[in-house]
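The exercises below work through a two-chain model. Each has a task and a solution in steps.

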Amino acid sequence: MFSTPTVVGELLFIGSCAGNFYAINKTTGQMQWSYNIRQDGKQQSFHGDPLVTNDLILIGTDNSCDPDGVGHVYAFERDTGKVRWKYRSTSVPTDIIQLNSSVYFGSFQDDWSSVDLRTGSLNWSFSTGVLNKNCDWIMPPAADENRLFIAGLDGVIYSLEASSGRVIWKRKLPAAPSTGLALKDKTIYVGTSGQRIYRLNAETGTVISELATEAKPVGRLAFANDSLFMFLNNASERVGYTISVDSKLTGVRWKQRSSPDWASERPHLWKESVVAGNCRGEIAAFRTRDGEPVWNLSLKGCIRSIGSSGNMLFAGVQEGTIYAYELSTRP
Amino acid sequence: MKKNRGFISTLVLVAMASLSCAQSSNKKDANLSASAGPELRWQYETGG
C-alpha cells in the first residue's frame with residue numbers, strides 16, 4: 001500500500017509497496033530522490049501519514065505482521081533524502097505524530113512509543129500486551145497538546161500522558177473501534193464494528209453522544225467545518241458508503257452508496273468536495289455540502305491513497321503508479 | 001527489395017503512430033467523462 005501522498009513546497013513525498021520512499025517534483029513528475037528501505041532489513045511497506053517538520057519528513061515502515069520482519073521510523077532530510085536518524089522497531093504502520101520535541105507511533109504488536117524528534121532515541125513505550133494473531137489493522141492515533149489517544153487491540157481507547165506514557169483514562173466501548181481516532185474541539189470521534197459512531201470527552205473518556213450507522217465505519221475520519229465524513233463498509237455485499245454527519249452526531253446529512261466499496265482509506269477533502277477511490281480505478285468527488293456528485297475519472301489500478309496540494313490531486317495505486325491530476329483554471 | 005523494406009518500415013511507423021494516437025485519444029475520453037474534474041498531468045511508475 002502507498003503512504004498518504006504529502007506535498008511540501010515543490011516536492012511530493014510518497015512510499016511505494018516495493019520498499020521505496022520517493023521525493024518527486026509535484027509539477028513535473030521528476031524524481032528528486034528516493035530511498036530503498038530494504039537495505040535496512042526485511043521491510044517493504046509504508047502506511048499512514050508522514051510527519052513534516054521544518055527540514056525533515058518522518059515516515060514509518062513495516063513488513064506487515066511478518067514475525068521476521070522489521071520496521072523503522074525514518075527521519076529524512078527533505079531536500080536531499082539523507083537519513084538524519086532511523087529508529088528500529090518491529091513495525092511502524094501508523095501515522096507519526098509530533099507533540100513538542102517528541103514523536104509518537106504504534107506497531108502491529110500494539111506497542112506504542114515516544115521518540116525524541118532531534119535524536120531518534122526512545123523516551124517511553126506502552127503496550128496493551130495483546131497478541132495480534134489475526135494481523136488486525138492498527139488504528140491511527142490522535143493527540144492534543146499533552147495527550148496521546150490510541151485504540152488498543154484490546155478494544156480499549158486509552159488516553160496517555162504524552163510526556164510519560166502514563167494512562168490518564170481508558171474507555172471500553174460496546175464494540176471494538178473500527179476507524180482511526182479523530183480529535184476536534186476537545187472531543188474524540190471513533191467508529192466501531194458495532195455500526196456506531198461515538199463522541200467521547202477527551203478530558204475524561206465519557207461518551208457524549210453516539211449515532212447508529214447503516215454499515216461498519218472504516219478507515220479514517222475527516223472534518224470540514226461542523227461536518228464529519230467517513231466511509232462505511234458492508235463487506236458481505238461489497239457495498240460501501242460515503243456519509244456526512246453533523247459533528248454533534250445528531251444525524252446523517254447525506255449518504256452516497258457505491259459498489260465496490262471505497263479503497264482509499266479516507267474521504268479526502270479537496271475543493272469543497274469529498275474525493276474517494278476504489279479498486280476499479282474509479283475516483284469520484286462529491287460535494288461536501290450535499291453529497292451531489294461533482295466529477296469522476298478512471299485510472300488503472302486499485303486506489304489506496306489520495307493527497308492534494310492547491311489545484312493538484314495525487315493518487316497512489318497498489319500496482320505501483322502515482323498519478324497527478326490538475327484542476328483546470330480555464331473558465 | 002530495398003523499396004519494400006522501406007514501405008514496411010513506413011507501415012510500422014504509421015501503425016505505431018496510430019497506437020500512440022489511440023492512447024492519447026483514450027486519455028481525452030477519460031477527461032471528457034470527468035466533465036469539470038481534474039486532468040492528468042503526469043504519472044510515475046514505481047514498479048510495485
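Two strands pair if DSSP finds at least two bridges between them. Helices (H or I, at least four residues) and strands (E, at least two) are DSSP runs, numbered from the N terminus. Residues are numbered from 1 along each chain as its sequence is written, and chains are lettered from A and ligands numbered from 1 in the order in which they are written. This is a predicted model, in which local features need pLDDT of at least 70 and side-chain atom pairs count only at pLDDT 80 or more, while totals for chains, interfaces and linings use all residues.

**Exercise 1. Confidence**

Task: State what the predictor reports for the complex and for chain B.

Solution.
- Step 1. The complex receives an ipTM of 0.91 and a pTM of 0.88.
- Step 2. For chain B, the average pLDDT (the predictor's confidence in each residue, from 0 to 100) is 51, and 25% of the residues score at least 70.
- Step 3. Residues 1-34 of chain B stay under a pLDDT of 50, and the model has 8 contacts beyond four places in sequence for them. A contact requires C-beta atoms, placed from the backbone, to lie within 7 Å.
- Step 4. Where pLDDT is low, the predicted coordinates should not be read in detail.

**Exercise 2. Overall form of the chains**

Task: Describe the secondary structure and burial of chain A, then do the same for chain B.

Solution.
- Step 1. Chain A has 0 helices and 32 strands.
- Step 2. Its radius of gyration, 19 Å, is close to the 20 Å that the globule rule gives for 331 residues, so chain A is as compact as a globular protein of that length. The radius is taken over C-alpha atoms, and the rule is 2.2 Å times the number of residues to the power 0.38.
- Step 3. Along the principal axes, the C-alpha atoms of chain A fill a box of roughly 50 × 45 × 35 Å.
- Step 4. Of the 331 residues of chain A, 45% are buried. A residue is buried if 20 or more other C-beta atoms lie within 10 Å of its own, exposed if 12 or fewer, and partly exposed in between, with C-beta atoms placed from the backbone.
- Step 5. Chain B contains 1 helix and 1 strand, and 10% of its 48 residues are buried.

**Exercise 3. The contact between the chains**

Task: Which strand supplies the largest share of the side of chain A that touches chain B, and which strand of chain B does β32(A) pair with?

Solution.
- Step 1. The contact takes 23 residues from chain A and 17 residues from chain B.
- Step 2. On the chain A side, β3 (20-25), β29 (293-298) and β32 (321-326) each supply at least two residues. The largest share, 6 residues, comes from β32(A).
- Step 3. That side has 13 nonpolar, 9 polar and 1 charged residues. Ala, Val, Leu, Ile, Met, Phe, Trp, Tyr, Cys and Pro count as nonpolar, Asp, Glu, Lys and Arg as charged, and the others, Gly among them, as polar.
- Step 4. β32(A) runs antiparallel to strand β1 (residues 39-45) of chain B, joined by 6 bridges. A:I322 stands opposite B:Y44, and A:T321 stands opposite B:E45.
- Step 5. Within chain A, 5 bridges join β32(A) to strand β31 (residues 312-317), again antiparallel. Here A:A315 stands opposite A:Y323. The two strands form a hairpin with 3 residues between them, and A:G320 in the turn has a positive phi of about 115°.

**Exercise 4. The strand β24(A)**

Task: Is β24(A) mostly covered or uncovered, and which strands does it pair with?

Solution.
- Step 1. β24(A) (residues 239-246) is mostly covered, with 6 of its 8 residues buried.
- Step 2. It pairs in the antiparallel sense with strand β23 (residues 227-234) of chain A over 8 bridges, and A:N234 stands opposite A:V239. This hairpin has 4 residues between the strands, and A:R238 in the turn has a positive phi of about 50°.
- Step 3. β24(A) also pairs in the antiparallel sense with strand β25 (residues 252-258) of chain A, over 6 bridges. The bridge partner of A:S244 is A:W254. This hairpin has 5 residues between the strands, and A:L249 in the turn has a positive phi of about 60°.

Methods. Two residues are in contact if their C-beta atoms, placed from the backbone, lie within 7 Å.
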